[in-house]
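The following paragraphs guide the reader through the cross-links of one protein chain. The sequence and the structure should be kept in view while reading.

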Amino acid sequence: MALVWLHHFNRMTSHLSPLSLLATLFLLTALIQGGSAQCPWEDEPETELQSTCICSYNTANELSIQCNDLTNYPLFKATLNKYVSKVPLDLLYINNSAIRSINENTFNGVLIKNLQLSHCRINSITPNAFRHLDFTLKHLNLQENELEQIPAEAFRHLKNLTLIDLSKNKIGKIPDDAFSTLNNLVTLKLSDNNLTLYKNSF
């Protein structure tokens, strides 16, 4: 039975990116354990977050947060800054939510290793959107959004970034030297975009 379940799990997850797979495993773990761990804001009256977000801690006591169908993103940002400031975050995963833009200081004071904002209708990322994640962020997944340009300026300071997933956006071109400062970048995913490559794109 275990082998059959493993076979089906492999089929279901074979198309997922590493960060999506991590989020899926995190959700399955929470379900298997009969629920999620207590989120930092659990005792506060942010009822929407309690119904749309689940939390978990890994063996290193790093927090993971997964939110689906988040409708009040400003509330989430304020809550994140209030309760999760300086708390090591292994994963922040927001899916199927109306974020639309990532502005400066969004993650001020938050220490994130893996960030996935997928299917969130994001069409704008300001140059300093990830400025406070310079040395902590390793994986950045922005798949299935509405980006028409690569936010190269927002990436330039992310010295430890090893993976960027920009697949399934509306990106038309890659500007010169868009990823030139990302010396640790190993994986770049750009599938399902209408791309035009230039001489110095890479």
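Arg131 is partly exposed, because its relative accessible area is 35%. The model in which this residue is seen is a predicted one. Arg131 forms a salt bridge with Asp134, and the closest N and O atoms of the two residues are 2.4 Å apart. Asp134, in turn, counts as buried, with a relative accessibility of 11%. The salt bridge therefore joins a buried residue, Asp134, to a partly exposed one, Arg131.

How many salt bridges does a search of the whole structure find? The search finds 3. One of them links Lys113 to Glu62, with the closest N and O atoms 2.8 Å apart. Lys113 belongs to strand S5 (residues 111-118), whereas Glu62 sits in the loop between S1 and S2; the pair therefore ties together parts that are 51 residues apart in sequence. Lys113 is partly exposed, at a relative accessible area of 30%, while Glu62 is buried, at 13%. Another salt bridge brings together the side chains of Glu153 and Arg156, at 2.9 Å from N to O. Glu153 is partly exposed, with 43% relative accessibility, and Arg156 is also partly exposed, with a relative accessible area of 22%.

The loop that holds Glu62 leads to the two strands on either side of it. S1 and S2 pair in the antiparallel sense, over 5 bridges. They form a hairpin with 5 residues between them, and in the turn Asn61 has a positive phi of about 65°. Within this pairing, Cys55 has Ile65 of S2 as its bridge partner.

Cys55 also leads to the disulfides. A disulfide is a covalent bond between the sulfur atoms of two cysteines. The structure has 2 disulfides. In one of them, Cys55 is joined to Cys39, with a distance of 2.0 Å from S to S. Cys39 lies in the loop between helix H2 (18-32) and helix H3 (47-52), and Cys55 lies in strand S1 (residues 53-57), so this disulfide ties together parts that are 16 residues apart in sequence. The link of Cys39 and Cys55 is right-handed, with 105° about the S-S bond. Cys39 is buried, with a relative accessible area of 4%, and Cys55 is buried as well, with 1%.

The other disulfide is formed by Cys53 and Cys67, whose sulfur atoms are 2.0 Å apart. Because Cys53 lies in strand S1 and Cys67 in strand S2 (residues 63-68), this pair ties together parts that are 14 residues apart in sequence. The link of Cys53 and Cys67 is right-handed too, with 110° about the S-S bond. Both of these cysteines, Cys53 and Cys67, are buried. When the bonded cysteines are counted along the chain, the disulfides follow the pattern 1-3, 2-4.

One further cysteine remains to be placed. Why does Cys120 have no bond to the closest cysteine sulfur? The closest cysteine sulfur, that of Cys67, is 9.8 Å from the sulfur of Cys120, which is too far for a bond. A disulfide requires the two cysteine sulfur atoms to be within 2.5 Å. Cys120 is nevertheless buried, at 0% relative accessibility.

The links around the hairpin can now be read together. Strand S1 holds Cys55, which is bonded to Cys39, and also Cys53, which is bonded to Cys67 in strand S2. From the loop between S1 and S2, Glu62 reaches Lys113 of strand S5 through a salt bridge.

Key. Residues numbered from 1 in each chain as written. Predicted model: local features only at pLDDT ≥ 70, side-chain atom pairs only at ≥ 80, totals over all residues. Heavy atoms only, no water. Helix = DSSP H or I, 4+ residues; strand = E, 2+ residues; numbered from the N terminus. Buried < 20%, exposed > 50% of the residue type's maximum accessible area, 1.4 Å probe, protein only. Pairing = 2+ DSSP bridges. Salt bridge = Lys/Arg side-chain N within 4 Å of Asp/Glu carboxyl O.
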